[in-house]
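Below are some notes on the model you passed along. Please read them with the coordinates open.

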Amino acid sequence: MPRTSQEQTQERHAFLLTLFRQQPDISSKDALESFKTKFGATINLKTFNQLRAEAEEEVAAVAPVAEEPEPEVESAPEPAADDAAAQLKAAANPEALNGAAAPAKKPKVKSNGPKNVFVDAPKEHLTFLESIVQQLQEAGAANVRIDHSTDRWMVLVVDSK
């Protein structure tokens, strides 16, 4: 059996997350069949269940926010860059959406190798993030770079100093 690359794994995880976000009530059987049809392979059930739980948490975190009516305040609209920046921060750190309800994670052991950060976001957010990375590089931050990018996701690499 050939080993799947990290890029293939990320693509498959992104597919399942998108599927669960778009169809939160899809049965496990249907989701697994859809996955097998698209990729011609099966997925570890533990990983499958983790992705489903992650997507359900995201949907649950967004649902209460969407249901609250926004108070009508007559003021100048905020710049779109601030909104995009806030959404990028939320996409990069989903625990921030859950607040104190999220259990504390164990600190990871620091390693000397580069860190890969997978960002799954709309195209305009990725474009904004790309411009930020370019500005960082122009300012002298040589340890941050874009490894790979599509119109739906991006992999950033941060080298430790």
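The points below go from overall make-up and confidence to the helix packing, the salt bridges and a few single residues.

1. Overall make-up. The model is predicted. The chain has 161 residues, of which 22% are buried. Its secondary structure consists of six helices and three strands, and the order along the sequence is α-α-α-α-α-β-α-β-β. Among contacts with a separation of 6 or more, 62% are between residues 24 or more positions apart.

2. Confidence over the chain. Mean pLDDT for the chain is 75, with 68% of the residues at 70 or more. Helix H2, residues 28–39, has the highest confidence, at a mean of 90, while helix H5, residues 95–98, has the lowest, at 48.

3. Stretches to set aside. Two stretches call for a caution. Over residues 70–79 pLDDT stays under 50, and the model has zero contacts for them beyond four places in sequence. Over residues 95–102 pLDDT also stays under 50, but here the model has five contacts beyond four places in sequence. Where pLDDT is low, predicted coordinates should not be read in detail. I would apply that to residues 70–79 and to residues 95–102.

4. Packing of H1 on H2. The axes of H1 and H2 are 11 Å apart and make an angle of about 140°. H1 is therefore oblique to H2, since angles count as roughly antiparallel only over 145 degrees. The crossing of H1 past H2 is right-handed. On the H1 side the contact is made by Glu-11, Arg-12, Phe-15, Leu-16, Leu-19 and Phe-20. On the H2 side it is made by Ala-31, Ser-34, Phe-35, Lys-38 and Phe-39.

5. Phe-48. This residue is in helix H3. Is Phe-48 buried or exposed? Its relative accessible area is 1%, so Phe-48 is buried, the cut-off being under 20%. Leaving out residues up to four places away in sequence, Phe-48 touches Leu-16, Phe-20, Ser-28, Ala-31, Leu-32 and Ile-43. Of these, Leu-16 and Phe-20 of H1 and Ala-31 of H2 also take part in the contact between those two helices. The C-alpha atoms of Phe-48 and His-13 are separated by 8.5 Å, with their positions 35 residues apart along the chain.

6. Salt bridges of Arg-21. The structure holds five salt bridges. Side chains of opposite charge can pair when their charged atoms come close. In one of the five, Arg-21 meets Glu-58 at 2.7 Å, N to O. Arg-21 lies in helix H1 (residues 6–22) and Glu-58 in helix H3 (residues 45–67), so this pair ties together parts 37 residues apart in sequence. Arg-21 also forms a salt bridge with Asp-120, at 3.5 Å, N to O. That pair links helix H1 to strand S1 (residues 115–120), 99 residues apart. At a relative accessible area of 27%, Arg-21 is partly exposed.

7. Asp-120 and the network. Which other residue forms a salt bridge with Asp-120? The partner is Arg-152, and the closest N and O atoms are 3.5 Å apart. Arg-152 sits in the loop between strand S2 (144–149) and strand S3 (153–158), 32 residues from Asp-120 in strand S1. Like other residues between the two cut-offs, 20% and 50%, Arg-152 counts as partly exposed, at 35% relative accessibility. Through shared partners, the salt bridges join Arg-21, Glu-58, Asp-120 and Arg-152 into one network.

8. Gln-10. Helix H1 also holds Gln-10. With a relative accessible area of 14%, Gln-10 is buried. Beyond residues up to four places away in sequence, Gln-10 touches Phe-118, Trp-153 and Val-155. Phe-118 falls within the range of strand S1, residues 115–120, while Trp-153 and Val-155 fall within that of strand S3, 153–158.

9. Asn-143. The loop between helix H6 (123–138) and S2 contains Asn-143. Although in a loop, Asn-143 is buried, with a relative accessible area of 18%. Asn-143 and Val-157 are 14 residues apart in sequence, and their C-alpha atoms are 7.8 Å apart in space.

Key: Residues numbered from 1 in each chain as written. Predicted model: local features only at pLDDT ≥ 70, side-chain atom pairs only at ≥ 80, totals over all residues. Heavy atoms only, no water. Salt bridge = Lys/Arg side-chain N within 4 Å of Asp/Glu carboxyl O. Helix = DSSP H or I, 4+ residues; strand = E, 2+ residues; numbered from the N terminus. Buried < 20%, exposed > 50% of the residue type's maximum accessible area, 1.4 Å probe, protein only. pLDDT = per-residue confidence, 0-100. Contact = heavy atoms within 4.5 Å. Axes fitted to C-alpha atoms, helices over the stretch in contact; angles between N-to-C directions. Parallel < 35°, antiparallel > 145°, perpendicular 65-115°, else oblique. Left-handed = near helix turned anticlockwise from the far one by under 90°.
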